[in-house]
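Student: Could you take me through one helix up close, and then through whatever sits around it? I'd like to know what faces inward and what it touches.

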Amino acid sequence: MPRSPGFPTPDRGSDRTVGSVCPDDADPALIAAADTAIRAASAELLALSHDIHAEPELAFAETRSVAKTLVPLRERGFAIESPVAGLDTAFTATYGSGELVVGICAEYDALPEIGHACGHNIIAASAVGAALGLAEVADACGITVKVFGTPAEESGGGKVLMLERGVFDGTAMAMMVHPGPFDIVGARSLALADLSIVFRGRAAHASAAPEQGRNAGDAATVAQVAIGLLRQHLNPGQQLHGIVERGGVAPNIVPGHAELLYYLRAEDSASLDDLMRRASACFEAGALATGCTQEIRTLAPTYTELTPDPALLCAYREQIVGMGRVPLAPELEAARPLGSTDMGNVTNVIPGIHPVIGIDAGGAVTHQPEFAAACITPSADLAVTDGATALARTAIRVASDEIHRDRLLELGIQRQEDIR
């Protein structure tokens, strides 16, 4: 998909251009109204975060989480469409009629066995909070608030499917916050390919007739040895990691079928294509060496890297700093890739941001059981309300700035023309 367009130079007789990047300050009364609405809903938002956390659900099966997320939105008068994009656990919730459509992405899927170790309960609750705050000022800001319920971020690429099926069409900007061990405004992610590599050989009795067999398990072993040797020659930012999903059924049967599950990651899509070519040769080598065949299957849509919008980043940074948070310095952000996210695909098409909001995890990091436990602590609860407030304030500032508002609207028109 194409990257988000850059900053056109406006011609309005103003002495300020988009080169200044950060939007002007918004009317304090608008900020105060949104803040008040979020504070009034804080008990409900924290209950939502804890309730989602208590019943973790996996990709495309987040039925209870969706139902919980929709309750406060429906009560506030949001128009609900569920399901959307042919996905049972995807939804949109819309409020207002302004021409600038502000998208807030909610995630709610969990990880196998370790539950909400990525804190998607915080993401969902902060998204709802930001939407409730923005609904309070939607008419005054000339915006339409749209919450996107996006399933299967951990595996499955719900946002990619929704994007491809037109659910994000007409959206001027898209935002969300993700919990982590510390605050990062310009969070960086890696492009990702989610693969299954299936080896097929010939089963045989491992003792009585081993010569009749062709060992698919050995093919997987040779391939993984080749992958391990490849690692010393990878380009910066490239990563490979995987597991053996199936390697045989009994010691006395030559495995006729084996399967590897691998993630390939890289700094950008071009580098990911290069890594895919090199890794594919390793998988082919395993099959060739053992007389087996191999097939590479893509299990989920490919995730692209995050390309955050500079104006939104600047506005968001000012908000969280004003709240007393100390985010990672901009010059250090590039050194901290945060895995991969399907929000990258959204930001490659629509101006958007995916900052990380810090919680006190006691030294734990995402995808550890200890981080899951940290996602319902007082620090995590503060991240819900701070994240909601920062997102709402960011949207208000951009919507109130004539130059940036017009920029987003013009880019939206260009995208619609490209689609047609």
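Tutor: Sure, let's take H3, where the buried residues are Ser 65, Val 66, Lys 68, Thr 69, Leu 70, Pro 72 and Leu 73. "Buried" here means under 20% relative accessible area; exposed is over 50%, and partly exposed is whatever falls in between, using a 1.4 Å probe on protein chains only. The helix and strand labels are DSSP runs numbered from the N terminus, with at least four residues of H or I for a helix and at least two of E for a strand.

Some ground rules first. You're looking at a predicted model, in which local features need pLDDT of at least 70 and side-chain atom pairs count only at pLDDT 80 or more, while totals for chains, interfaces and linings use all residues. Residues are numbered from 1 along each chain as its sequence is written, and side-chain values use heavy atoms, leaving out hydrogens and water.

Back to that list of inward-facing residues. An α-helix has 3.6 residues a turn, so residues three or four places apart point the same way. What do the buried residues of H3 pack against? Their neighbours are helix H2 (42-54), strand E1 (79-81), E2, H4 and E4, with contact meaning heavy atoms within 4.5 Å. The length checks out too: at 1.5 Å a residue, the 13 residues of H3 (residues 63-75) should span 18 Å, and the end C-alpha atoms are 19 Å apart, which agrees. That expected span is 1.5 Å times one less than the number of residues. Just past the helix, Gly 77 has a positive phi of about 100 degrees.

Now step back to Glu 62, in the loop between H2 and H3. Glu 62 counts as buried because its relative accessible area is 0%. Skip the neighbours within four places in sequence, and Glu 62 still touches Glu 57, Thr 89, Tyr 108, Asp 109, Pro 151 and Ala 152. For a sense of scale, Ser 340 is 278 residues away from Glu 62 in sequence, and the two C-alpha atoms are 20 Å apart in space.

Two of those contacts are worth chasing. Ala 152 comes up in the contact list of Glu 62, and it sits in the loop between E4 and H6. Its backbone has a positive phi of about 60 degrees even though it is not a glycine. Ala 152 also counts as buried, because its relative accessibility is 0%.

The other one is Tyr 108, and it brings us to the rings. The structure holds four aromatic pairs. To qualify, rings of Phe, Tyr or Trp (its six-membered ring) need centres within 6.5 Å; planes under 30 degrees apart are stacked, over 60 edge-to-face, and the rest tilted. One of the pairs is Phe 91 with Tyr 108, a stacked one at 6.2 Å centre to centre and 15 degrees between the planes. This pair ties together distant parts of the chain, 17 residues apart: Phe 91 is in strand E2 (residues 91-96), and Tyr 108 is in the loop between strand E3 (100-106) and helix H4 (120-135). Both of these residues, Phe 91 and Tyr 108, are buried.

A second pair involves E4, another of the elements that H3 packs against. The ring centres of Phe 148 and Phe 168 are 4.2 Å apart and the planes are at 25 degrees, so this pair is stacked. Here the bridged parts of the chain are 20 residues apart: Phe 148 belongs to strand E4 (residues 143-149), and Phe 168 to the loop between helix H6 (158-164) and strand E5 (173-175). Phe 148 and Phe 168 are both buried as well.

One last stop in this neighbourhood is the loop between E1 and E2, which contains Pro 83. A cis peptide bond joins Ser 82 to Pro 83, with omega at about 0 degrees.

If you'd like another helix to hold up beside H3, try H9. At 1.5 Å a residue, the 13 residues of H9 (residues 310-322) should span 18 Å, and the end C-alpha atoms are 18 Å apart, which agrees. Its buried residues are Ala 311, Leu 312, Leu 313, Ala 315, Tyr 316, Gln 319 and Ile 320. The elements covering them include E5, strand E11 (352-353), strand E12 (356-358), helix H13 (378-400) and helix H14 (402-419). After H9 comes Gly 324, with a positive phi near 95 degrees.
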